[in-house]
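Dear colleague,

I am handing over the structure below, and I would be grateful if you could look through it before reading my notes.

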Amino acid sequence: MKRSILSALASTLLFCAATGATAAEDAALKAAIAAPSRTPENVARDVYRHPYETLNFLGIQPGMTVVELAPGGGWYTEILAPYLRERGKLIAAGSDLAAPGEAERKSAERFLARLNTKPEVYNKVALGVFVPSRGAYAFAPAGSVDMVLTFRNIHNWMPTGPDNLKVLFGSVYTSLKKGGVFGIVEHRLPDSKVQDASASSGYMHEKYVIGLAEAAGFKLAAKSEVNANPKDTADHKGGVWALPPTYTNKDEDRAKYQAIGESDRMTLKFVKP
C-alpha cells in the first residue's frame with residue numbers, strides 16, 4: 001500500500017512539473033480573467049495564451065507587488081490590474097511620459113489614455129519607466145518587488161546589444177526582493193535552427209534566454225510547456241508575425257497559419273536567491 005501511495009505521489013509531482021499544474025486553485029485569478037472589463041478580442045486569444053495556467057504556474061498571489069515589463073497594448077494588464085487592485089500593486093513599466101523623444105511620449109500617452117477609459121479597473125496601476133532602446137530602467141526601488149513579468153518581449157530587446165541586455169536583466173534582479181520571481185514567456189526557436197543576433201524572426205533559443213537570466217544571478221526554478229505549440233515550426237515567411245493574430249503576410253497562406261495558431265513559447269520561472 002505504501003509503495004502504491006508513493007508511486008502515485010511521484011507521478012503527480014512529475015505531472016505538475018511537466019505541465020505547470022499546481023494544487024492550489026485561484027478563484028480571484030479566474031474572476032479577473034472572466035471580468036467583463038476585458039476586451040473581447042483579447043478574451044478570444046485566451047485559448048492560445050493560457051493566462052490562468054501561465055500566471056498560476058508562476059505563482060502569482062493577489063497581495064503581491066508585480067511589475068509588468070513592456071505591457072504594449074495591455075493584453076495581460078487587463079488581467080493583472082483587477083487581480084492586484086485591492087490587495088496588491090501593479091506597476092506597468094514602459095514608455096516615459098516625460099521622455100526626450102516625441103514618439104516615446106506619445107506611446108506613453110496612448111497607454112495612459114487606455115487606462116483612463118476604465119478608472120474603476122486601472123486607477124491604481126502605477127507607471128514605471130522601462131525603455132531598453134535608450135537604457136532607461138526606473139520602474140521600482142531596489143528590493144521592493146515580489147514578481148516581474150514579461151510576455152513575448154525579449155526578442156524586441158536583442159537589437160540593443162549584449163551589454164544593454166546585461167543592464168536590463170540586472171535592473172530586474174535589483175528590483176526584486178530575495179525569493180522574488182521573474183516570469184518569462186517568449187517565442188521559442190528550436191535548437192536546430194540558427195538564431196541571429198537581433199532575433200529578427202521573433203523567436204529565441206530557450207537556452208539563450210535562460211543564460212541571460214542566470215548571468216544576472218537568477219536561478220531557474222521551473223519550466224512549463226503550458227504555452228507549447230508543436231504545430232509551430234518557427235520557420236515562416238515574415239517570422240513569428242506570419243502567425244495569428246498579426247498575419248503579416250495578409251491573405252498569403254492565411255489558412256495554414258490559422259491552423260497552426262499562435263507561436264510555440266517557452267514559459268520560464270526564475271527566482272532571485
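The notes that follow deal with a helix and then with a pocket.

This is a predicted model, in which local features need pLDDT of at least 70 and side-chain atom pairs count only at pLDDT 80 or more, while totals for chains, interfaces and linings use all residues. Residues are numbered from 1 along each chain as its sequence is written, and side-chain values use heavy atoms, with hydrogens and water left out.

Helix H7 (102–116) has 15 residues and reaches 21 Å from its first C-alpha to its last, close to the 21 Å expected at 1.5 Å a residue (the expected span is 1.5 Å times one less than the number of residues; helices are DSSP runs of H or I with at least four residues, and strands are runs of E with at least two, numbered from the N terminus). The buried residues of H7 are Glu104, Ala108, Phe111 and Leu115, where buried means under 20% relative accessible area and exposed over 50%, with a 1.4 Å probe and protein chains only. These buried residues lie on the same side of H7 because they cover an arc of only 60° around the axis, the arc being that of the directions from the helix axis to the C-beta atoms. On the other side of H7, Ala103, Arg110 and Asn116 are exposed.

H7 also contributes to the second largest pocket, giving five residues, the largest share of its lining. By class, that lining has 11 nonpolar, 10 polar and two charged residues (Ala, Val, Leu, Ile, Met, Phe, Trp, Tyr, Cys and Pro count as nonpolar, Asp, Glu, Lys and Arg as charged, and the others, Gly among them, as polar). A pocket here is an open set of points on a 1 Å grid over the protein atoms alone, where a 1.4 Å probe fits, with protein on both sides within 12 Å along at least five of seven lines, and lining residues have an atom within 4 Å of a point.

With kind regards
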